[in-house]
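Here are some short exercises to work through with the viewer open. Try each task before you read its solution.

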Amino acid sequence: MDSDKLYLPVPDLKLTDLLDWQKEDERQHRHLVRRSVNELSVSLDSHHPHKKCFGNSITINDETIALFRIGQEVYATQAKCPHAGGPLYLADLEELVPGQVCLKCPWHKWTFSIDDGCSIKPEGRGLVAKTYPVRVTADGHILIGFDSFGPSAFEM
Ligand code: FES
């Protein structure tokens, strides 16, 4: 936990609202939703019968952020891919080596570590997706850590 961060709560979204990548049935559902997004260009949420999300995009503190759930953990990264601006929040999650889960961008299939955002494939590119520390409270509320308030917090 990063105690020097400013933790802000994600409004209207709790841990149980996110699809859990660790659960096979939810992974299968995500695959179907993803196929719908790719083939039919429809929104992610409209195809989920329970309005759950996997790889959800939210805007908080003037930043658009992707959230991913793995078990009881939530990971937050920038929502746009650092390569060419693809929708990183629609990334596939893959375990490239045991214990290392990566995001695979849907546009050009680059992979990024979900822990620190460093690009893994293709090798040697040195791009990093911004990541954010996340806290999940006992009752499932999600808080994201920032260095400071965004500019809109100071608007009159
Ligand atoms: S935009 Fe994500 S890999 Fe190219």
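**Exercise 1. The hairpins**

Which residue of strand 7 does L103 stand opposite? Place that pair in its sheet, and go through the hairpins on the way.

*Solution.* A word of caution before we start: this is a predicted model.

Step 1. Look across from L103 and you land on F112 in strand 7. Another bridge pair is C102 with S113 in strand 7.

Step 2. Now count the bridges. Strand 6 (residues 100–104) and strand 7 (residues 111–113) run antiparallel and are joined by three bridges.

Step 3. Go to the other hairpin. Strand 5 and strand 6 are also antiparallel, with five bridges between them. One of the pairs is V97 with Q100 in strand 6.

Step 4. Check the turns. The hairpin of strand 5 and strand 6 has two residues between the strands, and G99 there has a positive phi near 90°. In the hairpin of strand 6 and strand 7 there are six residues between the strands, and K109 takes a positive phi near 65°.

Step 5. Zoom out to the sheet. Four strands make up an open sheet in the order 5-6-7-8, with antiparallel pairing. Its edges are strand 5 (92–97) and strand 8 (119–121), each of which pairs on one side only. From one strand to the next, the twist averages 40°.

**Exercise 2. Following I58**

Find the strand that holds I58, then decide whether I58 is buried or exposed.

*Solution.*

Step 1. I58 sits in strand 2 (residues 56–60).

Step 2. Compare the accessibility with the cut-off. Buried means under 20% relative accessible area. I58 has a relative accessible area of 12%, so I58 is buried.

Step 3. Find the partner. I58 bridges to I65 in strand 3. Strand 2 and strand 3 (residues 63–70) share five bridges and pair in the antiparallel sense.

Step 4. Fill in the rest of the sheet. Four strands form an open sheet with antiparallel pairing, in the order 2-3-4-9. Strand 2 and strand 9 are the edge strands, each pairing on one side only.

Step 5. Look for a contact from elsewhere in the chain. P11 is 47 residues from I58 in sequence, and their C-alpha atoms are 9.3 Å apart in space.

**Exercise 3. Reading the pocket**

How many residues line the largest pocket, and which of them lie nearest its centre?

*Solution.*

Step 1. Start with the volume: the largest pocket comes to about 210 Å³.

Step 2. List the lining. The largest pocket has 14 lining residues, with Y75, D115, Y132, P133 and V134 nearest its centre.

Step 3. Sort the lining by element. Strand 4 (73–78), strand 9 (131–132) and strand 10 (134–136) are the elements that give two or more residues. Strand 4 gives the largest share, four residues.

Step 4. Sort the lining by class: nine residues are nonpolar, one is polar and four are charged.

**Exercise 4. An aromatic pair**

What is the geometry of the pair formed by F149 and F154?

*Solution.*

Step 1. Two numbers do the job here. A pair of aromatic rings is described by the distance of the centres and the angle of the planes.

Step 2. The structure holds two aromatic pairs. In one of them, F149 and F154 are 6.4 Å apart centre to centre, with 85° between the planes. Planes over 60 degrees apart count as edge-to-face, and that is the label for F149 and F154.

Step 3. Check the accessibility of both rings' residues. F149 is at 42% relative accessibility, so F149 counts as partly exposed. F154 is at 59%, so F154 counts as exposed.

**Exercise 5. Backbone oddities**

Where do D12, K109 and P122 lie, and what is unusual about the backbone there?

*Solution.*

Step 1. Recall the usual case. Most residues other than glycine have a negative phi, and most peptide bonds are trans.

Step 2. D12 lies in strand 1 (residues 6–14), with a positive phi near 60°. Its relative accessibility is 81%, so D12 counts as exposed.

Step 3. K109, from Exercise 1, lies in the loop between strand 6 and strand 7. K109 is not a glycine, yet its phi is positive at about 65°. At 45% relative accessibility, K109 is partly exposed.

Step 4. P122 lies in the loop between strand 8 and strand 9. The peptide bond from K121 to P122 is cis, with omega near -5°.

Definitions and conventions:
Residues are numbered from 1 along each chain as its sequence is written. This is a predicted model: local features need pLDDT of at least 70, side-chain atom pairs count only at pLDDT 80 or more; totals for chains, interfaces and linings use all residues. Side-chain values use heavy atoms; hydrogens and water are left out. On a 1 Å grid over the protein atoms alone, a cavity is a set of points where a 1.4 Å probe fits but cannot get out, and a pocket is an open set with protein on both sides within 12 Å along at least five of seven lines; lining residues have an atom within 4 Å of a point. Grid points are joined across faces, edges and corners, and a volume is the space filled by probe spheres set on the points. Ala, Val, Leu, Ile, Met, Phe, Trp, Tyr, Cys and Pro count as nonpolar, Asp, Glu, Lys and Arg as charged, and the others, Gly among them, as polar. Two strands pair if DSSP finds at least two bridges between them. Axes are lines fitted to C-alpha atoms, for helices over the stretch in contact, and angles run from 0 to 180 degrees between N-to-C directions. Rings of Phe, Tyr and Trp (its six-membered ring) pair if their centres lie within 6.5 Å; planes under 30 degrees apart count as stacked, over 60 as edge-to-face and the rest as tilted. Buried means under 20% relative accessible area, exposed over 50%, partly exposed in between (1.4 Å probe, protein chains only).
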